[in-house]
Amino acid sequence: MPNPLYDALFAPLIERRSALVILPDGTEISGDAFHAMCARVAGALAALGLQPGDRMAVQVEKSADALALYGGAVMAGVVFLPLNTAYTPDEVAYFLSDAGAKLLLADSAKAAALAPVADRCGARLMVLNADGRGSFADFCATVEPMRAPADRAEGDLAALLYTSGTTGRSKGAMLSQKNLLSNAEVLTRAWRFTAQDVLLHALPIFHTHGLFVATNIVLLAGGAMILLPKLDIDALIRWMPRATSLMGVPTFYTRLLDDARFTRDLVAHMRLFTSGSAPLLAETHVAFEARTGHRILERYGMTETNMNTSNPYDGERRAGTVGFPLPGVEVKVTDPETGATLPQGEIGILEVRGDNVFMGYWQMPEKTAAELRADGFFITGDLGRIDDDGYVTIVGRQKDLIIAGGYNIYPKEIELELDEAEGVKESAVIGVPHPDLGEGVLGVIVPLPGARPDTAAILADLGTRLARFKVPRALVVLPDLPRNTMGKVQKNLLRDQFRDWFTSRA
Ligand code: MLC
Ligand code: AMP
């Protein structure tokens with residue numbers, strides 16, 4: 001039975017005896033062994049009663065077993081819903097109920113806190129730890145591995161990835177098999193991945209970058225990956241002589257450059273470094289080339305669209321730009337007010353169309369209609385321009401969004417919480433330059449008359465409800481917020497005022 005994503009990415013593993021996954025301790029998992037892990041997961045999902053199209057939420061630490069959950073879901077036709085391990089039980093509750101997930105897999109450390117949440121949302125909770133143990137693993141050991149994959153078509157939903165919204169409510173981006181497969185094919189060719197490649201995989205596997213870009217390309221090319229649980233510069237340096245490629249967010253590259261062991265000799269075996277998810281400073285690009293002789297290949301993507309543009313593999317990788325539209329992807333720049341296409345060179349909203357663009361937001365037809373035009377163009381909310389040579393440059397964002405270390409943080413979600421805090425009249429959350437994360441989150445609060453808000457207590461309380469990476473690193477108290485004549489908070493003035501907040505404290 002056809003299942004295009006499984007057929008292209010996972011079926012070829014059955015015949016493969018060479019290493020697909022290399023673990024930090026040097027253990028190798030061959031392609032066929034990894035396929036067996038996926039088939040067991042698929043068998044378990046079916047035995048638990050999950051049907052093709054049902055959603056499975058996963059909040060587990062990164063491991064080969066965690067990656068096999070993705071393969072198992074694809075094989076069983078179950079929709080994969082990965083969740084940031086930093087999300088609090090409150091946050092997980094929203095995703096579970098919104099998606100109507102039938103199953104939640106979590107680490108044992110979180111199971112107690114998640115049990116009532118799963119219960120409330122009607123999801124079955126099972127445990128999978130990073131060491132491969134837990135009730136789900138035990139169950140997998142008792143079932144028959146799935147033999148033939150579930151029948152799926154290109155247009156069927158493969159994954160649901162939540163992205164926060166400017167109104168504070170997260171939206172589930174529906175990604176079809178075709179969205180994922182077409183992008184993997186395009187990127188594998190564009191970046192020349194082959195069976196000889198060994199990717200240093202240090203990104204989280206709950207986002208597009210680490211889950212789809214990194215993993216799908218390695219699977220499609222028949223290459224291997226060194227699977228590190230997280231960014232660990234010592235491990236990167238240790239493994240680099242064995243690898244051919246690294247995909248990272250800009251923080252990967254600034255941290256590597258901060259380490260004297262990162263030298264031209266160390267990267268002698270590497271052929272490609274890519275960067276994305278957040279802007280790479282031109283100075284990082286230049287410093288990286290001076291140190292290593294390699295020009296980082298910067299590309300631009302989104303959860304909703306997978307990858308849209310990329311600097312060329314051959315040809316000039318231009319610092320400060322995100323390169324050209326990928327084959328099969330159309331990019332245009334439009335007027336934010338009218339939606340009319342602007343002449344080349346002018347700044348406007350980037351819109352993209354292609355097989356990479358998602359199917360819409362899960363059960364949110366109005367939001368889908370507002371961002372995905374009837375003709376297939378997706379309104380990214382990124383501001384950019386296309387120069388005479390065709391290079392796309394992102395100059396800013398129309399959406400009120402902070403990107404810290406490659407994680408998206410929507411100020412509105414935090415402001416809604418801060419506004420409720422004791423002694424707070426109103427708040428504004430801004431992103432200002434951060435030496436390590438690109439942008440850091442800063443909260444500005446205005447006290448109620450006569451109140452003296454306890455900022456430390458407010459931040460501690462926020463951390464119980466919001467993932468730690470969203471919690472402002474500091475709260476500044478101001479008598480009022482700057483507003484324009486329409487009454488809108490002028491965040492640009494706040495960003496100017498606090499521009500040096502993190503850099504001066506580094
Ligand atoms: C960790 N922390 C962060 C953070 N990561 N704070 C803000 N932003 C981040 N990105 C906080 C933790 O909450 C914790 O705070 C403290 O930093 C230490 O945590 P850590 O886990 O030890 O951090 P570290 O390992 O150093 O992680 C930093 C990082 C990581 C940059 C390596 O965040 C990372 O791997 N980012 C990649 C994100 C990514 O893959 N994005 C792709 C999205 S897809 P406290 O308070 O507890 O001390 C996409 C589309 C596309 O955007 O184009 O790719
Ligand atoms: P996410 O919703 O997590 O997928 O984040 C997508 C957003 O990340 C995009 O809309 C951009 O704002 C940003 N982004 C991704 N790649 C780049 C890049 N190379 N340069 C600047 N911003 C980027």
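This passage describes the surroundings of two ligands and the packing of one pair of helices in a predicted model.

Ligand 2 is surrounded by 16 residues, of which R299, T303, D382, K399 and N408 come nearest. By class, this shell divides into seven nonpolar, four polar and five charged residues. Two strands, β13 (297–302) and β20 (392–397), each supply at least two residues of the shell around ligand 2, and β13 gives the most, with five residues. Polar contacts to ligand 2 involve both backbone and side-chain atoms of the protein: a backbone N or O atom of S277 lies 3.1 Å from a nitrogen atom of the ligand, while an N or O atom in the side chain of E298 is 2.9 Å from a nitrogen atom of ligand 2. An oxygen atom of ligand 2, in turn, is found 2.7 Å from a polar side-chain atom of N408. On its own, ligand 2 has 500 Å² of accessible area, and the protein covers 93% of that area.

Around ligand 1 there are 23 residues, the closest being R255, S277, R299, A404 and R468. The composition of this shell by class is 10 nonpolar, eight polar and five charged residues. Oxygen atoms of ligand 1 take part in several polar contacts, among them one of 2.6 Å with an N or O atom in the side chain of R468, one of 3.2 Å with a polar backbone atom of G301, and one of 3.3 Å with a polar side-chain atom of R473. Of the 1000 Å² of accessible area that ligand 1 has on its own, the protein covers 76%. Two or more residues of the shell around ligand 1 come from each of the elements α8 (208–221), α10 (250–257) and β13, with β13 giving the most, namely three residues.

Strand β13 thus gives the most residues to the shell around ligand 2 and also the most to the shell around ligand 1. R299 is listed with the residues that come nearest to ligand 2 and with those closest to ligand 1.

Apart from the ligand shells, the packing of two helices was examined. Two packed helices are described by the angle between their axes and the distance between the axes. Helix α2 (residues 31–47) packs with helix α6 (residues 135–142) at an angle of about 95°, and their axes are 9 Å apart; α2 is therefore roughly perpendicular to α6. The contact brings R40, V41, A44, L45 and A47 of α2 together with F136, F139, C140 and A141 of α6. By class, this contact of α2 with α6 has eight nonpolar residues, no polar residues and one charged residue.

Conventions: Residues are numbered from 1 along each chain as its sequence is written. Chains are lettered from A and ligands numbered from 1 in the order in which they are written. This is a predicted model: local features need pLDDT of at least 70, side-chain atom pairs count only at pLDDT 80 or more; totals for chains, interfaces and linings use all residues. Side-chain values use heavy atoms; hydrogens and water are left out. Axes are lines fitted to C-alpha atoms, for helices over the stretch in contact, and angles run from 0 to 180 degrees between N-to-C directions. Helices (H or I, at least four residues) and strands (E, at least two) are DSSP runs, numbered from the N terminus. Angles under 35 degrees count as roughly parallel, over 145 as roughly antiparallel, 65 to 115 as roughly perpendicular and the rest as oblique. Contact means heavy atoms within 4.5 Å. Ala, Val, Leu, Ile, Met, Phe, Trp, Tyr, Cys and Pro count as nonpolar, Asp, Glu, Lys and Arg as charged, and the others, Gly among them, as polar. A residue is near a molecule or strand if one of its heavy atoms lies within 4 Å of it. A polar contact is a pair of N or O atoms within 3.5 Å; within protein, one must be able to donate a hydrogen and the other to accept it, and residues adjacent in sequence count only if both atoms are side-chain atoms. Accessible areas come from the Shrake-Rupley method with a 1.4 Å probe; for residues, only the protein chains shown count as cover.
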